[in-house]
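Let's take a friendly walk through a protein model. Have a look at the sequence and the 3D view, then read on.

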Amino acid sequence: SKRIKDGYRYEQWCKWYLRFHGFHFVKVTPKSRDFGADIICRDWLFRKVVVQCKRYKNAVGIDAVQQVAAARSYYRAWYGIVMTNADFTKSARTLAKRCNVKLYQRKGR
């Protein structure tokens, strides 16, 4: 289906974006049983980071932050990132601050 292909393409774009911005060992997780992480990588200090990629038309809500916060615990990551082409809801921003989750927003992807 087109939606799955677009999601896959967006994950590949996110992988490229993270590599381009200095992240290391950037790997897309298998689709089944990813435990809330679409990508696992290391930052410039080689700390483990989990990433959730959301290609949406509407604002990304609190559920995406909850998923990456759970993935952070599961993978024992230093912090989490939610990447999107859309906006974030106010509640998503509030929860992200409390849960050590960074929000990356790139319009138009």
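## Cysteines

A search of the whole structure, which is a predicted model, turns up zero disulfides. Take Cys41: the nearest cysteine sulfur belongs to Cys53 and lies 9.5 Å away. A disulfide needs two cysteine sulfur atoms within 2.5 Å, so a pair 9.5 Å apart does not count. Cys41 is also buried, with a relative accessible area of 2%.

Cys99 is in no disulfide either, and its nearest cysteine sulfur, that of Cys41, is 18 Å away. With a relative accessible area of 22%, Cys99 is partly exposed.

## A salt bridge

Side chains of opposite charge can pair when their charged atoms come close. How many salt bridges does the count give here? The count comes to one salt bridge. The partners are Asp43 and Arg47, whose closest N and O atoms are 2.8 Å apart. The cut-off for such a pair is 4 Å, so the 2.8 Å between Asp43 and Arg47 qualifies.

Are these two partners buried or exposed to some degree? Asp43 has 0% relative accessibility and counts as buried, while Arg47, at 25%, counts as partly exposed. The limit for buried is under 20% relative accessible area, so Asp43 falls within it and Arg47 does not.

## The sheet

Now find the strands in the 3D view. Five of them form an open sheet in the order 1-2-3-4-5, with mixed pairing. At the edges you will see strand 1 (24-28) and strand 5 (101-105), each of which pairs on one side only. On average, neighbouring strands of this sheet are turned by 20 degrees against each other, direction ignored.

Helix 2, made of residues 62-75, packs on the sheet. This helix touches strand 2 (39-42), strand 3 (48-54), strand 4 and strand 5. The direction of helix 2 makes about 155 degrees with that of strand 3.

## Strands 4 and 5

Let's zoom in on one pair of strands. Strand 4 covers residues 79-84 and pairs with strand 5 in the parallel sense, over five bridges. Which residue of strand 5 is the bridge partner of Met83? That partner is Tyr104. You can also look for Ile81, which stands opposite Lys102 in strand 5.

What do strand 4 and strand 5 make together with helix 3? Together with helix 3 (residues 90-98), they make a right-handed β-α-β unit.

Methods
Residues are numbered from 1 along each chain as its sequence is written. This is a predicted model: local features need pLDDT of at least 70, side-chain atom pairs count only at pLDDT 80 or more; totals for chains, interfaces and linings use all residues. Side-chain values use heavy atoms; hydrogens and water are left out. Two strands pair if DSSP finds at least two bridges between them. Helices (H or I, at least four residues) and strands (E, at least two) are DSSP runs, numbered from the N terminus. Axes are lines fitted to C-alpha atoms, for helices over the stretch in contact, and angles run from 0 to 180 degrees between N-to-C directions. Contact means heavy atoms within 4.5 Å. A salt bridge is a side-chain nitrogen of Lys or Arg within 4 Å of a carboxyl oxygen of Asp or Glu. Buried means under 20% relative accessible area, exposed over 50%, partly exposed in between (1.4 Å probe, protein chains only). A crossover is right-handed if, with the strands pointing away from the viewer, the path from the first strand over the helix to the second runs clockwise.
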